[in-house]
Amino acid sequence: MPGPTTMFIGVIGVGGVGKAFLGQLEQLRLRLSKANPAIDLRLILLRRSNKQLFSESWQGVSIKDAVSELDKVNTPLLSLQETFDYLATAPGKVVLVDNTSDQTLANSYPVILRKGISIVTPNKKAFSGNFELWSDIFKAAANGTGSPSDGYVFHESSVGAGLPVISTLKELVETGDEVTKIEGVFSGTMSFLFNSFMPVGGGGGKFSAEVKKAKELGFTEPDPRDDLNGLDVARKLTILARLAGLKVQSPTSFPVESLIPKELESCNSGDEFLQKLPEFDNQMEELKASAAKEGKVVRFVGSIDVPSQAVKVGLEKFDASHPIAALKGSDNIINFYTQRYGSNPLIVQGAGAGGEVTAMGVTGDLLKVIRQLQ
Ligand SMILES: NC(=O)C1=CN([C@@H]2O[C@H](COP(=O)(O)OP(=O)(O)OC[C@H]3O[C@@H](n4cnc5c(N)ncnc54)[C@H](OP(=O)(O)O)[C@@H]3O)[C@@H](O)[C@H]2O)C=CC1
Ligand SMILES: N[C@@H](CC=O)C(=O)O
Ligand code: NA
């Protein structure tokens, strides 16, 4: 029988982040039940694009074996609506973990929240799509203007992976500081690409080869064109700008520089794009050489100027001594300029992509929900 502190968890998406999350969920389950044996986390749904696994009896499936059990399933996939209805009938509190980048699922968040199901997710689509969806989500959430019986929603990993970017910005705003500017490097993929293709001091690999590496390391979006076209950074800036109080309509409503060569804009798939990208390495070599002539390197950055409501995303040149030029690996750096912090910004820096660090933000959000519902 489920007790008052039984929490039913549904997980959608078992890619790089989803698999790392399941590992962390099992650790969390063990730690919480050791601290308080009444706390009982049960995995009742695991779904990928073509299969799903249920726990018919609400007992929960083994988290350790869930991915291999999911692989064995050969029953027809339920619709998303049927899946939400199943979750809503669980005999207790339910949390849905969306580890996909699916827009259709993101569009359903208001409906899910109104069923009393909480959501934690690294998926940016819901928070960076049209402004109406953003408003609907927070109207429906218990930690927005919804009722206490609605679900909670947290999305820390949608910006800067597990780095405390969203929580920091929210606290600045909610404690009455005035945020004037947010700027920095917001993409783990772009950071990795430029740090390794154009390192300070010269050298570096071929741009296209670094893109393939970034994908293999699990830094890119499922389709790496979503990183290279600047849209992933634009989505993150849309989220931060909205949290800072700006009514940004969409991630395409401000200037965004794309690194997709014109000739590859019509590729039909990410694979075709990756295959053809080496033909355009010379364009990136020219960019590197022209920056080097000025003793600089190029990095992919973004900024939000709050008073003028100006948001932009693109390439900029930096001196070798600049902190942005000196970043390593997939590191993000996010500078918050505020009235309280004056001319020395509050800085958040560290790995901005990768399965484990992203899953950590999702697991942290799950803990926030558990604390609210306990
Ligand atoms: N990777 C990173 O460093 C970071 C990722 N994120 C975000 O985390 C999310 C996941 O990223 P990542 O794990 O790297 O991506 P992956 O491509 O590795 O995994 C995506 C997973 O989602 C599943 N999926 C896709 N569409 C659907 C659908 N309609 N229904 C059910 N399952 C679906 C896929 O199913 P299948 O296995 O069948 O293909 C796959 O299991 C994305 O939103 C991304 O933007 C955020 C911060 C950092
Ligand atoms: N593709 C994204 C993943 C995290 O949001 C990135 O590279 O930053
Ligand atoms: Na974050």
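**Exercise 1. Shell of ligand 2**

Task: In this predicted model, how many nonpolar, polar and charged residues does the shell around ligand 2 have?

Solution:
- Start with the list. Ligand 2 is surrounded by Ala161, Ser187, Gly188, Thr189, Phe219, Thr220, Glu221, Asp227, Asp232, Gly352 and Ala353.
- Sort by class. Ala and Phe count as nonpolar, Asp and Glu as charged, and Gly as polar.
- Read off the result. The shell has 3 nonpolar, 5 polar and 3 charged residues.

**Exercise 2. Glu221**

Task: Is Glu221 buried or exposed? Which residues does Glu221 touch, not counting those up to four places away in sequence?

Solution:
- Place the residue. Glu221 sits in the loop between helix H10 (207-216) and helix H11 (225-228).
- Apply the cut-off. A residue is buried if 20 or more other C-beta atoms lie within 10 Å of its own. Glu221 has 20 C-beta neighbours inside 10 Å, so Glu221 counts as buried.
- List the contacts. Beyond four places in sequence, Glu221 touches Ser101, Asp226, Asp227 and Asp232.
- Check the record. An unreviewed UniProt entry covers Glu221 with the annotation "binding site".

**Exercise 3. Two domains**

Task: Which elements give two or more residues to the side of domain 1 that touches domain 2?

Solution:
- Set the bounds. The domain assignment gives domain 1 (6-161 + 357-373) and domain 2 (166-351).
- Take the separation. The C-alpha centres of the two domains are 28 Å apart.
- Count the contacts. 16 residues of domain 1 meet 21 residues of domain 2.
- Name the elements. They are helix H6 (125-128) and helix H7 (131-140).
- Add the classes. This side of domain 1 has 6 nonpolar, 8 polar and 2 charged residues.

Terms used
Residues numbered from 1 in each chain as written. Chains lettered and ligands numbered in written order. Predicted model: local features only at pLDDT ≥ 70, side-chain atom pairs only at ≥ 80, totals over all residues. Near = placed C-beta within 6 Å. UniProt positions renumbered as here; feature names shortened; annotations may be inferred. Helix = DSSP H or I, 4+ residues; strand = E, 2+ residues; numbered from the N terminus. Buried ≥ 20, exposed ≤ 12 C-beta atoms within 10 Å, placed from the backbone. Contact = placed C-beta atoms within 7 Å. Domains from an automatic or database assignment.
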